[in-house]
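Please look through the sequence and the three-dimensional structure shown below before reading on. The briefing that follows goes through metal sites, backbone features, nonpolar cores and salt bridges in turn.

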Amino acid sequence: MPTTLGYAEPLDDDFGDELFPSKIGGRPRWLDPTRPLAVDRVLCDECAKPMVLLMQLYAPEDEPADAFHRMLYVFICRNGSCHRAPASRCMRVLRSQLPEVNAVYEEKTPSDGDDRDGDCDSDVVWALAERAKPAPLCAVCGLLGNKACSGCHKRHYCSRNHQVADWDAGHRAQCSDGTAAPGSGAAHKNRQPNILYPEHIIASEEEPQDGSSDDDDDDDDNDDDSGNDVRPEDMAVVPVGGERVEDSEVEVDPAFLAFQHRIRKNPDQVIRYARSPGTGEPAEPLFVGDAGRPESGIDIPDCEQCGAARQFEFQIMPQMINYLGVDSADPVSVDWGTLLVYSCPRSCAAAPGGAAHTAEVVWRQAFSSHGIGQKYVRAFHGDDTAFTRQFESLDV
Ligand SMILES: [Zn+2]
Ligand SMILES: [Zn+2]
Ligand SMILES: [Zn+2]
Ligand SMILES: [Zn+2]
């Protein structure tokens, strides 16, 4: 089964109305806005603060009917020092689903005005049902806001932590003078740059099969198209130290080389999606090395709801870090080789009356050493000729 690649793109004008977005950063957009996630599901086990949305991915399934709409949310702690702990302590993955007929969305009849693109086809257009009443959201992070400001009673928060952050970020002045808004409006945008990650759309595209692209079959000796149009935001996949590693001394892990070989044709990929439910063989992630792979059944527990062995669904690439606005010179900024997301292959539904979000599993694989991380960056950007030679002499 082919892998679908996800790329980060800037927000466009239509994005604000998108009901089922795949995106990086910003506030979560809940598949079921009447039942947003509560903060206690995403408290960091290390620092006890609320995690924030890293990304969400709309990944509907044909089967079962309960997964007609299906959204996966990945939350992480923003505090880089918490990421020295296992991923299970500082990251969470949650799955939310709705059947085609549900109480939240209803089919909208497209008006003539919606046909302006001229490409209107039989796609169903969904709208939030009038009877669906969205729950209040935290003005800071977008989780369930079940605590209201005791001064104005207008702004809601997930936690005391975010109430304090909002107070310091300007609500102190607004609370008493009557200008306070509930909080998810545009006026509040970007007031919490240190809490939310910058928002980007995730656009997806099937990964070209090896040999199927005809634009590079004649330049095997000059297969360096990844290095020639590097944009500034691509520059620091992994923090690069000032000193050069002795090129010949570093042992190179074949799995790492295979990883690099695979991504260099599409170097901007931030997601690799390769779910294969019901097809027998589960898809394999693209590991960043031989070390640090999870063991099924031990590191990746079976689904707590239905008992099925979880399967790999998608992975987050190190390139996503480029879009998070983190200071890559900071030695404790968040970092990973890849984040592997494993989910229930049955997309099982919670029991009636159960939680709206089912926990899935994320596994972090680091680059096998700091040195190889640095080499990865340089080779990736085409400025490490010794490594590139070493790389090309190996048959991967
Ligand atoms: Zn933390
Ligand atoms: Zn919050
Ligand atoms: Zn207030
Ligand atoms: Zn399950």
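Donors, in what follows, are N, O and S atoms within 2.8 Å of the metal (3.2 Å for Na, K and Ca), and because water is not among the atoms, sites may look incomplete. In sequence, the donor residues of the zinc ion (ligand 1) are spaced C-x2-C-x29-C-x4-C.

This is a predicted model, in which local features need pLDDT of at least 70 and side-chain atom pairs count only at pLDDT 80 or more, while totals for chains, interfaces and linings use all residues. Residues are numbered from 1 along each chain as its sequence is written, chains are lettered from A and ligands numbered from 1 in the order in which they are written, and side-chain values use heavy atoms, with hydrogens and water left out.

**Zinc sites**

- The zinc ion (ligand 1) is held by the SG atoms of C44, C47, C77 and C82, at 2.3 Å.
- The arrangement around the zinc ion (ligand 1) is tetrahedral because its 4 donor atoms subtend angles of 103 to 114°; four donors count as tetrahedral if all angles lie between 85 and 135 degrees, as square planar if opposite donors are over 155 degrees apart and all others between 65 and 115 (the rule that also makes six donors octahedral), and anything else is irregular.
- C47 lies in the loop between β2 (23-24) and β3 (52-58), and C82 in the loop between β4 (69-76) and α1 (87-90), so the pair ties together parts that are 35 residues apart in sequence; helices (H or I, at least four residues) and strands (E, at least two) are DSSP runs, numbered from the N terminus.
- C47 is partly exposed, with a relative accessible area of 25%, whereas C82, at 4%, counts as buried; buried means under 20% relative accessible area, exposed over 50%, and partly exposed in between (1.4 Å probe, protein chains only).
- The zinc ion (ligand 3) has as its protein donors C149 (SG), C152 (SG), H171 (NE2) and C175 (SG), which lie 2.1 to 2.4 Å from it, and the spacing of these residues in sequence is C-x2-C-x18-H-x3-C.
- The site of the zinc ion (ligand 3) is also tetrahedral, with angles of 102 to 118° among its 4 donor atoms, and both C149 and C152 are buried.

**Backbone features**

- The peptide bond from E63 to P64 is cis, with omega near -10°, and P64 lies in the loop between β3 and β4.
- H153, although not a glycine, has a positive phi of about 60°; H153 sits in the loop between β8 (147-148) and β9 (156-157) and is exposed, with a relative accessible area of 56%.
- S347 is not a glycine either, yet has a positive phi of about 45°; S347 is found in the loop between β13 (338-343) and β14 (358-365) and is buried, with a relative accessible area of 0%.

**Nonpolar cores**

- The largest nonpolar core (a set of buried Ala, Val, Leu, Ile, Met, Phe, Trp, Tyr and Cys residues joined through side-chain atoms within 4.5 Å) has 62 residues, and those with the most contacts inside it are L54, M55, F75, F314, I316 and W336.
- The largest share of this core, 6 residues, comes from β4.
- A second, separate core has 9 residues, among them V252, F259, L286 and M317.

**Salt bridges**

- A search of the whole structure finds 15 salt bridges, a salt bridge being a side-chain nitrogen of Lys or Arg within 4 Å of a carboxyl oxygen of Asp or Glu.
- R275 forms a salt bridge with E61, the closest N and O atoms being 2.9 Å apart, and the pair links distant parts of the chain, with R275 in the loop between β11 and β12 and E61 in the loop between β3 and β4, 214 residues apart.
- R275 and E61 are both buried, and a network of salt bridges links E61, R70, R275 and E313.
- E360 and R95 also form a salt bridge, with their closest N and O atoms 2.6 Å apart; E360 lies in strand β14 and R95 in strand β5, so the pair ties together parts that are 265 residues apart in sequence.
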